[in-house]
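User: Please take a close look at a single part of this model, a sheet and the helices that pack around it. I would like a connected account of how the pieces are arranged.

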Amino acid sequence: MNAPSKRILLVEDEPSLVITLTDRLKSEGYQVRSAGDADTALREIVDGTYDLAIFDVMLPGRSGFDLCQDVRQRGIGLPILMLTARSQVVDRVVGLKIGADDYLTKPFEMAELLARIEALLRRARMPIARAAANYIFGNIEVDFRAAEVFRSGERVPLSALEFKLLTYLVEHRGTVVTREELLDHVWGYNATPFTRTVDVHIAALRQKLEEKPSRPQFILTAHRLGYRFAG
């Protein structure tokens, strides 16, 4: 059975470029939807399921930078590729600083765009613990090789189970993971979905890692579903 094709959201207001890119991406096997402005795109991202998004920086109303920032502030880890006619280094830095994963300046070769897309999709499939030795969110640094966590440079004592739970959340950042999934993959057993085991360990992680555990910034609750890591 063939794997389902990847879904791409193209956010671009130039009709001719939308047609050109959509046709080529579809010919490469991708499913493509387009949006002509930031507000429409944000609704698509929040309500839909996409594997990658391509944002033009120059959009009517709010810019692609604004859109990227909105997406990241919602804790959505969707891979984002920025397209722009600008070539200044400062614009590239701004885009990456607010959470874009890559940046391509117009005009560009289609082969280069396809290569960037493939690279971003490969990176998204790669577990963070294997893709990098360290991961940083806020003032927290996770050292996967040493199985240690630091907060503002000070080591945070985590149990082996707490570290495994944090690692799983980080690897699945931006997506909701259910309590049942966590029990299966972190604890290694099936239990009643009403068990408080997961909730108790999540609360412990928040106490150790969040600035305000009662109002978490990174380990978020998905009401009636589970949890989502927004780092």
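The request and the answer below concern one open sheet and its surroundings.

User: In what order do the strands of the open sheet β10-β12-β11 lie, which helices pack on them, and how do those helices meet their neighbours?

Analyst: The model is a predicted one, and the description that follows rests on its coordinates. As background, the chain has 231 residues, of which 41% count as buried. Its secondary structure comes to 9 helices and 12 strands. Among contacts in the chain with a separation of 6 or more, 55% are between residues 24 or more positions apart.

The sheet itself is open and has 3 strands, in the order β10-β12-β11, with antiparallel pairing. Its edges are β10, residues 176–178, and β11, residues 219–222, each of which pairs on one side only. Direction ignored, neighbouring strands of the sheet are turned by 35° against each other on average. Between β11 and β12 the pairing is antiparallel and consists of 4 bridges, with β12 covering residues 226–229. One position in this pairing can be located in the sequence: L220 has R228 in β12 as its bridge partner.

Two helices can be placed against these strands. Helix α8, residues 179–187, packs on the sheet and touches β10 and β12. The direction of α8 makes about 75° with that of β10. Helix α9, residues 197–209, lies across β11 and β12, and α9 runs at about 145° to β11. Strand β12 is thus touched by α8 and also has α9 lying across it.

Helix α8 also has a helical partner. Helix α7, residues 160–171, packs with α8 at an angle of about 120°, and the two axes are 10 Å apart. The two helices are therefore oblique to each other. The crossing of α7 past α8 is right-handed. On the α7 side the contact involves L161, K164, L165, Y168 and L169, and these meet E181, L182, H185, V186 and W187 in α8. By class, the residues of this contact divide into 7 nonpolar, 1 polar and 2 charged. Helix α8 therefore has contacts to the strands β10 and β12 and to α7.

Another helix pair in the chain can be set beside this one. Helix α2, residues 38–47, packs with helix α3, residues 64–73, at an angle of about 25°, with the axes 10 Å apart. This pair is therefore roughly parallel, whereas α7 and α8 are oblique. The crossing of α2 past α3 is right-handed. In α2 the contact is made by A38, A41, L42 and I45, which meet L67, D70 and V71 in α3. This contact has 6 nonpolar residues, no polar ones and 1 charged residue.

Antiparallel pairing also occurs elsewhere in the chain. Strand β6, residues 134–137, pairs with β7, residues 140–143, over 4 bridges, and in that pairing N134 has D143 as its bridge partner. The hairpin of β6 and β7 leaves 2 residues between the strands, and G138 in its turn has a positive phi of about 55°. Strand β7 is also joined by 4 bridges to β8, residues 148–151, again antiparallel, with V149 in β8 as the bridge partner of V142. In this hairpin 4 residues lie between β7 and β8, and A147 in the turn has a positive phi of about 55°.

Definitions and conventions: Residues numbered from 1 in each chain as written. Predicted model: local features only at pLDDT ≥ 70, side-chain atom pairs only at ≥ 80, totals over all residues. Heavy atoms only, no water. Pairing = 2+ DSSP bridges. Axes fitted to C-alpha atoms, helices over the stretch in contact; angles between N-to-C directions. Contact = heavy atoms within 4.5 Å. Parallel < 35°, antiparallel > 145°, perpendicular 65-115°, else oblique. Left-handed = near helix turned anticlockwise from the far one by under 90°. Nonpolar A, V, L, I, M, F, W, Y, C, P; charged D, E, K, R; others polar. Buried < 20%, exposed > 50% of the residue type's maximum accessible area, 1.4 Å probe, protein only.
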